[in-house]
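Reader: I have this model open on my screen and would love a close look at one part of it. Could you take me through the serines of the first helix and the loop after it, and then show me how the rest fits around them?

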Amino acid sequence: MCLILCSIAAFLSLYHSSFKLKLLPTMYISASIMWTVDNTIAKLSGEDFFDFSLDDTLLGFCIVVSALMFTGFVRFFKKIKKSYISVNS
């Protein structure tokens, strides 16, 4: 479920940013690649490719929310830095 949630978030964030590779889409695409490799290795070891358990779903939501929060912090500190520079110039 992590792979599905991260892939949907990657597509939506790419669509929202007019298909420009910015911070948020890059994080979601990287997470999707990571989960694809993880699920491929799990499949090779005999497990299912997609894990639809509650734990995996919650982990997927935590990844999506954490990336949103991190991007919000980055934008917030960029605004503070920009306003600090404009006041001191």
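Author: Happy to! Let's start with S17, which is buried because its relative accessible area is 11%, under the 20% cut-off. Please keep in mind that this is a predicted model. S17 sits in the loop between α1 and α2. Its side chain reaches back to the backbone oxygen of L14, at 3.3 Å. Beyond the neighbours within four places in sequence, S17 is in contact with K22 and P25.

Now step back into helix α1, where you will find S13. With a relative accessible area of 10%, S13 is buried. A polar atom of the S13 side chain lies 3.1 Å from the backbone oxygen of A10. If you set aside neighbours within four places in sequence, the contacts of S13 are L24, P25 and Y28. P25 is thus a name to remember, since S17 touches P25 and S13 does too.

The partner of that serine, A10, belongs to helix α1 as well. A10 counts as buried, at 6% relative accessibility. Leaving out neighbours within four places in sequence, A10 is in contact with Y28, I29 and S32. Y28 therefore appears in the contacts of A10 and in those of S13. For a sense of distance, try selecting A10 and E47: they are 37 residues apart along the chain, and their C-alpha atoms are separated by 25 Å.

One more serine of helix α1 is worth a click: S7. At 31% relative accessibility, S7 counts as partly exposed. A polar atom of the S7 side chain lies 2.7 Å from the backbone oxygen of L3. Across the sequence, S7 and I29 are 22 residues apart, yet their C-alpha atoms are 7.0 Å apart in space. I29 is also one of the residues that A10 contacts.

A general point helps when you look at these serines. An α-helix has 3.6 residues a turn, so residues three or four places apart point the same way.

Next, turn to helix α3, which runs over residues 54–88. What covers the buried residues of this helix includes α1 (2–16) and α2 (23–44). Those buried residues are D56, T57, G60, V64, A67 and T71. The length of α3 can be checked too: its 35 residues should span 51 Å at 1.5 Å a residue, and the end C-alpha atoms are 51 Å apart, which agrees.

Helix α3 also holds F77. F77 counts as exposed because its relative accessibility is 52%, and exposed means over 50%. F77 belongs to a nonpolar patch on the surface, together with V65, M69, F73, F76 and I80. Together, the residues of this patch have about 600 Å² of accessible area.

Technical notes: Residues numbered from 1 in each chain as written. Predicted model: local features only at pLDDT ≥ 70, side-chain atom pairs only at ≥ 80, totals over all residues. Heavy atoms only, no water. Patch = residues over 30% accessible without salt bridge, like charges linked within 9 Å, V, L, I, M, F, W, Y side chains within 5 Å. Areas by Shrake-Rupley, 256 points an atom, 1.4 Å probe, with all protein chains shown as cover. Salt bridge = Lys/Arg side-chain N within 4 Å of Asp/Glu carboxyl O. Helix = DSSP H or I, 4+ residues; strand = E, 2+ residues; numbered from the N terminus. Buried < 20%, exposed > 50% of the residue type's maximum accessible area, 1.4 Å probe, protein only. Expected span 1.5 Å × (residues − 1). Contact = heavy atoms within 4.5 Å. Polar contact = N/O pair within 3.5 Å; in protein donor to acceptor, adjacent residues only side chain to side chain.
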